[in-house]
Amino acid sequence: MAGPLTVSKITKEIVITADSDEKMYDGQPLTKATYTYTEGVLAEGDELTAVVEGTITNVGTADNVVTSYKVMRGETDVTANYTFGESVKGTLEVTKRSVTLTSATDSKTYDGTPLTNSTVTVSGDGFVTGEGATYSVTGTITDPGTVDNEFTYTLNEGTKADNYNISTVAGTLTVSKITK
């Protein structure tokens, strides 16, 4: 006489870990749908799939979390045959872009008219396409000497200051004496 057959659930826990990722701000959402899980627990032929969700566009951090999972053997859902531990969240991080705004350096010999130069160059990581600033350059000099080519800037609509580390560098304007 044959006795009853019992199939027990696998008790070794499977822990799913959502992957983390980071990038410099580029105006596009950061997502990472990949994950890892405890190796060596799944029976041969079983396949674990998980859904990982998280997104961030502007500078900061956001959780990347496992929202669902299942184990399939072919077309059959065998998730109930496994023990799952608490999933581990990942972190998505967007970091600031560094931008340096530099006003022009210029010079001329005294001619009685003011020297100005309203050029401002952007260097470093630069602004993301479609973002930027407008400039008001106020540096001016007429008589011989040197002054800073001072300026201010206003970020364009849709450009968030929190996404950038912005530094300014004033160029110099120099008028030299007439030498004859």
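In this predicted model, Lys23 touches Gln28, Pro29, Leu30, Glu93, Val94 and Thr95, once residues up to four places away in sequence are set aside. Lys23 itself belongs to strand E3. With the cut-off for buried set at under 20%, Lys23 counts as buried because its relative accessibility comes out at 19%. Its side chain also has a charged partner: Lys23 and Asp26 meet in a salt bridge, with 2.8 Å from N to O. Asp26, at 30% relative accessibility, counts as partly exposed, so this bridge joins a buried residue to a partly exposed one.

One of the contacts of Lys23, Thr95, is worth a look from its own side. Thr95 lies in strand E9 and, at 27% relative accessibility, is partly exposed. Leaving out neighbours within four places in sequence, Thr95 is in contact with Glu22, Lys23, Met24, Tyr25 and Val59. As for Thr61, 34 residues separate it from Thr95 in sequence, while the C-alpha atoms of the two are 8.8 Å apart in space.

Tyr25, which turned up among the contacts of Thr95, leads on to the aromatic rings. Searching the whole structure gives four aromatic pairs. Among them, Tyr25 and Tyr164 pair edge-to-face, with 5.8 Å between the ring centres and 80 degrees between the planes. This pair bridges distant parts of the chain: Tyr25 sits in the loop between strand E3 (21–24) and strand E4 (35–37), whereas Tyr164 is in strand E16 (residues 164–169), 139 residues apart. Tyr25 counts as buried, at 4% relative accessibility, and so does Tyr164, at 3%. Phe127 comes into the picture too, as ring pairs link Tyr25, Phe127 and Tyr164 into a cluster.

Phe127 and Tyr164 show up again in the nonpolar interior. The largest nonpolar core has 14 residues, and Ile56, Leu101, Phe127 and Tyr164 are the ones that touch the most other members. Strand E9 (90–95) and strand E10 (97–103) each contribute at least two residues to this core. A second core, separate from that one, is made up of twelve residues, including Ile16, Val41, Val52 and Val66. As a general backdrop, nonpolar side chains in soluble globular proteins tend to be buried together.

Looking at Ile56 more closely, its contacts beyond four places in sequence are Gln28, Pro29, Leu30, Thr61, Ala62, Leu92 and Val94. Several of these names are familiar from Lys23, which also touches Gln28, Pro29, Leu30 and Val94.

Back to the charged groups: the structure holds four salt bridges. Besides the Lys23–Asp26 bridge, there is one between Asp46 and Arg73, whose closest N and O atoms are 2.6 Å apart. This pair links distant parts of the chain, with Asp46 in strand E5 (residues 46–53) and Arg73 in strand E6 (residues 60–73), 27 residues apart. Asp46 is buried, having a relative accessible area of 12%, while Arg73 is partly exposed at 40%. Another bridge joins the side chains of Asp111 and Lys108, at 2.9 Å from N to O. Here Asp111 counts as partly exposed because its relative accessibility is 48%.

Conventions:
Residues are numbered from 1 along each chain as its sequence is written. This is a predicted model: local features need pLDDT of at least 70, side-chain atom pairs count only at pLDDT 80 or more; totals for chains, interfaces and linings use all residues. Side-chain values use heavy atoms; hydrogens and water are left out. Rings of Phe, Tyr and Trp (its six-membered ring) pair if their centres lie within 6.5 Å; planes under 30 degrees apart count as stacked, over 60 as edge-to-face and the rest as tilted. Helices (H or I, at least four residues) and strands (E, at least two) are DSSP runs, numbered from the N terminus. Buried means under 20% relative accessible area, exposed over 50%, partly exposed in between (1.4 Å probe, protein chains only). Contact means heavy atoms within 4.5 Å. A nonpolar core is a set of buried Ala, Val, Leu, Ile, Met, Phe, Trp, Tyr and Cys residues joined through side-chain atoms within 4.5 Å.
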